[in-house]
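Subject: Structure handover and notes

Hi,

Here is the structure I promised to pass on to you. Have a look at it first, and then read on for what turned up in it.

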Amino acid sequence: MEEIYAKFVSQKISKTRWRPVPPGSLQTAETFATGSWDNEENFVSLWSIGDFGNLDSDGGFEGDHQLLCDIKHHGDVMDLQFFDQERIVAASSTGCVTVFLHHPNNQTLSVNQQWTAAHYHTGPGSPSYSSAPCTGIVCDNPEIVTVGEDGRINLFRVDHKEAVRTIDNADSSTLHAVTFLRTPEILTVNSIGQLKIWDFRQQGNEPSQILSLTGDRVPLHCVDRHPNQQHVVATGGQDGMLSIWDVRQGTMPVSLLKAHEAEMWEVHFHPSNPDHLFTCSEDGSLWHWDASTDVPEKSSLFHQGGRTSTFLTHSISNQANVHQSLISSWLSTDPAKDRIEITSLLPSRTLSVNSLDVLGPCLVCGTDAEAIYVTRQLFS
């Protein structure tokens, strides 16, 4: 693992996302977007990773991430997703959803489209109007799905002024995150520990499936779907645990992995190498989980500065009868195979690591310590 480079940017970073590389291109990730929160003025910014250079005064490596352009954002940036190469969608604590357009010829960002009252507790037009934060977005061109603290799900289409579909009381609790399973199906996680699957082909306002941790109502903050096996999802929540779910089987997670000491804010499967998974937490840590099976006799060890500690996995379902090679390494439940190598990627504990993103050999993350960290050689 190459050095990870820090750049201090004088704003708390709530979200970091790589710009996707064009399909079929051999480019590596070069540009990423960030959103800020809890500052007097918040911004959506685009950065180029530039060259890496000098040792700073603390002996760490200083990144040379160049700011390409930025634009003011009203409210905290609660989520950020690239819609395509040029457009970035931002979710605001004001309930607004904005599509920003990047103009590469003069390096500026402009507002391309906006749904100002996507999420609200009491509706626009009423004297007691109160907005609700939009907490999560997921894009699949031409569609954008948003979820919020109001328990509402919106399906927007770019270039349409109004929502194509709204599920008003989708949840009585806060929806924290959303992902696509298959195109008409989405999966949401909420503040009482439930995963819900919604099918936009169905007219009603009821989920097609509900999964949850029995007994525990631990808020779930993040979710990611396995890029090749759409039935496998990972979630993280307030207790810092990593849960792996198989939505085809039962209503319980397949495995629970003891992870961070505080809230897990994001979880991401590596998009092209999904035996690798990445998590970040309020406790100031950023972890790389390696479940690849080609590592000889690897026990579940935690590497950080030579210290190792073993991790427990609780396998809930018994899948011994399923052909082993068809099972994602994350669903393997043979105790001899429950071996995951975990590496801490940041040189030292910092304030909360709020967001991360991985693409090819590159990783970016953003923190409350007003720093952006980048590495370009994840697997070396």
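Below are my notes on a cavity, a sheet, some backbone details and two buried residues.

Please keep in mind that this is a predicted model.

**The cavity**

Let me start with empty space inside the protein. Rolling a probe the size of a water molecule over the atoms shows where empty space is left. Searching the whole structure gives 1 cavity of 30 Å³ or more, and the volume of the largest cavity is about 40 Å³. Which residues line the largest cavity? They are Arg165, Ile167, Trp198, Asp199, Gln202, Gly204 and Glu206. Two elements, β15 (165–167) and β18 (194–199), each give two or more residues to that lining. If you sort the lining by class, you get 3 charged, 2 polar and 2 nonpolar residues.

**The sheet from β6 to β9**

Next comes an open sheet of 4 strands, with the order β6-β7-β8-β9 and antiparallel pairing. Why is one side of β6 and of β9 left without a neighbour in the sheet? Both β6 (77–82) and β9 (108–115) stand at the edges and have a single partner strand each, so one side of each has no neighbour there. From one strand to the next, the twist averages 25°.

Inside this sheet, β7 (residues 87–92) and β8 (residues 97–103) run antiparallel and are joined by 5 bridges. If you want a pair to look for on screen, Ala90 stands opposite Thr98 in β8.

Strand β7 also holds Arg87. Is Arg87 buried or exposed? The relative accessible area of Arg87 is 17%, and because buried means under 20%, Arg87 counts as buried. Setting aside residues up to four places away in sequence, Arg87 touches Gln81, Phe82, Val99, Phe100, Leu101, Asn112 and Val158.

**Backbone details**

Two residues other than glycine have a positive phi, and you may like to see them in turn.

- Gln107 has phi near 50° and is found in the loop between β8 and β9. Its relative accessible area is 30%, so Gln107 is partly exposed.
- Glu370 has phi near 65° and lies in the loop between β31 (362–367) and β32 (371–375). Glu370 is partly exposed too, with a relative accessible area of 29%.

There is also a cis peptide bond, from Asn141 to Pro142, with omega near 10°. Pro142 has its place in the loop between β12 (134–140) and β13 (143–148).

**Phe156 and its contacts**

Pro142 comes up again with Phe156, a residue of strand β14 (residues 153–157). Phe156 is buried, at a relative accessible area of 4%. How far apart are the C-alpha atoms of Phe156 and Pro142? They are separated by 8.5 Å, while the two residues are 14 residues apart along the chain. Pro142 is also one of the residues in contact with Phe156 once neighbours within four places in sequence are left aside. The others in that list are Trp115, Ala118, Glu143, Ile144, Thr146, Glu162, Ala163 and Val164.

That is what I have for you; happy browsing!

Best wishes

Methods
Residues numbered from 1 in each chain as written. Predicted model: local features only at pLDDT ≥ 70, side-chain atom pairs only at ≥ 80, totals over all residues. Heavy atoms only, no water. 1 Å grid on protein atoms, 1.4 Å probe; cavity = no way out; pocket = protein on both sides within 12 Å on 5 of 7 lines; lining within 4 Å. Points joined across faces, edges and corners; volume = space filled by probe spheres on them. Nonpolar A, V, L, I, M, F, W, Y, C, P; charged D, E, K, R; others polar. Pairing = 2+ DSSP bridges. Axes fitted to C-alpha atoms, helices over the stretch in contact; angles between N-to-C directions. Buried < 20%, exposed > 50% of the residue type's maximum accessible area, 1.4 Å probe, protein only. Contact = heavy atoms within 4.5 Å.
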